[in-house]
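Visitor: I'd like a close look at one spot in this protein rather than the whole tour. Could you pick a single residue, walk me through its surroundings, and then work outward from there?

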Amino acid sequence: MDPETRGQEIIKVTPLQQMLASCTGAILTSLIVTPLDVVKIRLQAQNNPLPKGKCFVYSNGLMDHLCVCEEGGNKLWYKKPGNFQGTLDAFLKIIRNEGIKSLWSGLPPTLVMAVPATVIYFTCYDQLSALLRSKLGENETYIPIVAGIVARFGAVTVISPLELIRTKMQSKKFSYTELHRFVSKKVSEDGWISLWRGWAPTVLRDVPFSAMYWYNYEILKKWLCEKSGLYEPTFMINFTSGALSGSFAAVATLPFDVVKTQKQTQLWTYESHKISMPLHMSTWVIMKNIVAKNGFSGLFSGLIPRLIKIAPACAIMISTYEFGKAFFQKQNVRRQQY
């Protein structure tokens with residue numbers, strides 16, 4: 001896409017239209033990649049056993065979140081993983097032992113968190129990119145890095161407190177009065193910062209992922225357009241660029257994904273048993289414990305299912321988002337003509 005066309009797109013596609021395009025992409029991506037994430041979490045939980053407690057983390061490739069279950073509840077969100085020998089074996093055993101529907105367990109809360117997180121993230125990225133390009137010029141290569149970092153940082157920060165509230169509501173039925181009482185008590189006992197527990201490892205993983213993803217995506221998209229002799233990227237160019245850049249970023253940030261799973265599940269285990277949280281359960285301490293117990297490879301548990309999940313997730317999300325923006329751009333052009 002040439003600079004002039006890119007600039008026109010940013011102007012003609014409104015923030016609301018960007019939000020609608022990202023919302024559609026988030027829903028479609030969640031439906032497709034949730035089974036892959038079920039397998040990833042099961043393998044991570046098997047290789048790095050969780051403390052005794054009924055909690056785990058779900059993700060759709062866009063942003064992770066917690067799920068909590070209780071024995072005897074109406075819905076059991078997580079069952080202790082079996083002896084899985086690999087990704088395919090995990091798929092087959094989960095389907096055989098729990099039914100094919102279990103591959104989409106946790107989908108409703110995934111959508112509840114993924115949609116607002118994705119809307120904030122993608123809309124902020126495009127708006128920041130447009131602002132930086134208008135100030136610094138179209139050809140500044142570090143613009144995707146800066147915009148990606150700021151957008152992801154903001155999305156993670158906004159969504160983190162909602163994680164705590166939504167997860168508590170999943171554990172059992174709460175009235176709004178009881179929920180307000182719970183949040184008030186949490187803040188009075190541990191301070192406002194308690195609503196952002198798990199924020200640090202999320203940022204350590206998601207912010208570098210975002211920076212690498214957007215930088216490589218823009219570079220690959222531009223390169224593929226030049227090779228194809230095109231000014232504007234096609235659906236397949238967006239799809240391919242998203243898959244490749246997402247895969248690279250996923251490998252580089254996997255250790256923080258493993259640590260985040262451990263940190264947040266431990267948090268809810270301590271809370272469910274009403275045990276005081278260790279003061280020094282930092283990201284680096286958890287990382288050292290994983291290496292000491294399982295070796296360096298423990299930090300890369302779930303690599304294959306993460307790659308299988310991230311590649312299509314990033315590809316579907318960005319190509320759907322760009323397709324949606326192109327659709328709205330055409331609609332806006334028609335309105336201007338008439």
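Guide: Let's start at S241, which sits in helix 8. Keep in mind that this is a predicted model. With a relative accessibility of 0%, S241 counts as buried, because the cut-off for that is under 20%. Its side chain has a polar partner in the backbone: the oxygen of I237, reached at 2.8 Å. Looking past the neighbours within four places in sequence, you'll find S241 in contact with Y217, L220, K221 and L224.

Now widen the view to helix 8 itself, residues 235–272, one of the elements that give two or more residues to the largest nonpolar core. The others are helix 4 (107–136), helix 5 (143–171), helix 7 (199–228) and helix 10 (303–337). That core has 18 residues, and helix 10 supplies the largest share, five of them. Among the residues with the most contacts inside the core are Y121, F122, F209 and W214. Take W214 as a second stop: beyond its neighbours within four places in sequence, W214 touches Y121, F122, Y125, P144, G148 and I318. There is also a second, separate core of nine residues, including L36, L43, A90 and I94.

For a change of scenery, try helix 9, residues 283–294. Its 12 residues reach 16 Å from first C-alpha to last, close to the 16 Å expected at 1.5 Å a residue. The buried residues here are T283, I286, M287 and I290. Viewed down the axis of helix 9, these fall within an arc of 100 degrees, so they line one face of the helix. Turned away from that buried side is a face carrying K288 and A292, both exposed. After helix 9 comes G295, with a positive phi near 80 degrees.

How far should you trust all this? The protein chain averages a pLDDT of 76, and 73% of the residues score at least 70. Among the elements, helix 7 has the highest mean pLDDT, 90, while strand 1 (residues 55–59) has the lowest, 45. Over residues 1–11 the pLDDT is below 50, although the model gives this stretch 22 contacts beyond near neighbours in sequence. Residues 65–81 also stay under 50, with 54 contacts beyond four places in sequence. Where pLDDT is low, the predicted coordinates shouldn't be read in detail.

Definitions and conventions
Residues numbered from 1 in each chain as written. Heavy atoms only, no water. Core = buried A, V, L, I, M, F, W, Y, C linked by side-chain atoms within 4.5 Å. Buried < 20%, exposed > 50% of the residue type's maximum accessible area, 1.4 Å probe, protein only. Helix = DSSP H or I, 4+ residues; strand = E, 2+ residues; numbered from the N terminus. Contact = heavy atoms within 4.5 Å. Polar contact = N/O pair within 3.5 Å; in protein donor to acceptor, adjacent residues only side chain to side chain. pLDDT = per-residue confidence, 0-100. Expected span 1.5 Å × (residues − 1). Arc of directions from axis to C-beta.
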